[in-house]
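Hi everyone, thanks for coming. Let me put the sequence and the model up, and then I'll talk you through a couple of helices.

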Amino acid sequence: MGLSSRALFDGRLSGVHGLTNFSLKQRAAWDGRLNIGEAQIDAQHEAIFALVVRASDAWRKHGDVEQLTLMTGELHQALEEHFSYEEGVLAGLGYDDLAEHRAEHQVMRDELQLIRARVEKMDPAGDNAEPGFLLLNYILSATVGHILHSDMDYCALARATASHRGSAAAASVFS
């Protein structure tokens, strides 16, 4: 692939973590391997994964536009609550890369907003594959990709901080 094609490929919607070649069934099954170690964050991640599986199943079974619209709304709400909570935990830990993590969250919010706008413009009687694929690709990136490439970074740091400080507060957050 040429440099200009590669740049376009790298800048596409919903592929920021390079997971677009994996099926959702392969990557979105929650089994705890991606646990961060903080109960509320892990519960939020699990709920987001459940929504991913529901959206995937609905789309594969030719779910309707109304159903997809509702799921994008649910995903928006779940991510807003999760990002807010997670950023608060990271701020409390004094996470050095919090600004970068917040920026990644904002990119994900902006991208979801674009996808939601496309879904809302879908014709219920037409061929609506493209927005559905964008949504499924996005939620794969926003779940597995973000956790593997971003959340695991702070997880390791938080656990190391807890063990070095011996702090009861830090240890209780990531025990």
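I'll start with how the model was treated, then go along the helices and finish with a patch of charge.

This is a predicted model, so to speak: local features need pLDDT of at least 70, side-chain atom pairs count only at pLDDT 80 or more, and totals for chains, interfaces and linings use all residues. Residues are numbered from 1 along each chain as its sequence is written, and side-chain values use heavy atoms, with hydrogens and water left out.

Helices here are DSSP runs of H or I with at least four residues, numbered from the N terminus. Take α4, residues 65-93. The expected span of a helix is 1.5 Å times one less than its number of residues; for the 29 residues of α4 that gives 42 Å, and its end C-alpha atoms are indeed 42 Å apart. Just after α4, Gly94 has a positive phi of about 70 degrees.

Within α4 sits Glu74. Glu74 is partly exposed, at 35% relative accessible area (buried is under 20%, exposed over 50%, partly exposed in between, with a 1.4 Å probe and protein chains only). Its C-alpha atom is 9.3 Å from that of Ile48, 26 residues away along the chain.

Now α5, residues 98-120. Its 23 residues should span 33 Å, and the end C-alpha atoms agree at 33 Å. Buried residues in α5 include Leu98, His101, Met108 and Ile115. Glu100, also in α5, is exposed at 57%.

Finally, Glu100 joins Asp96, Asp97 and Asp153 in a negative surface patch: patch residues have over 30% relative accessible area and no salt bridge, with like charges joined within 9 Å.

Technical notes:
Patches are made of residues with over 30% relative accessible area and no salt bridge: like charges are joined within 9 Å, nonpolar side chains (Val, Leu, Ile, Met, Phe, Trp, Tyr) within 5 Å. Accessible areas come from the Shrake-Rupley method with a 1.4 Å probe; for residues, only the protein chains shown count as cover. A salt bridge is a side-chain nitrogen of Lys or Arg within 4 Å of a carboxyl oxygen of Asp or Glu. Lys and Arg count as positive and Asp and Glu as negative; His and the chain ends are not counted. The place of a charge is taken as NZ of Lys, CZ of Arg, CG of Asp or CD of Glu. Helices (H or I, at least four residues) and strands (E, at least two) are DSSP runs, numbered from the N terminus.
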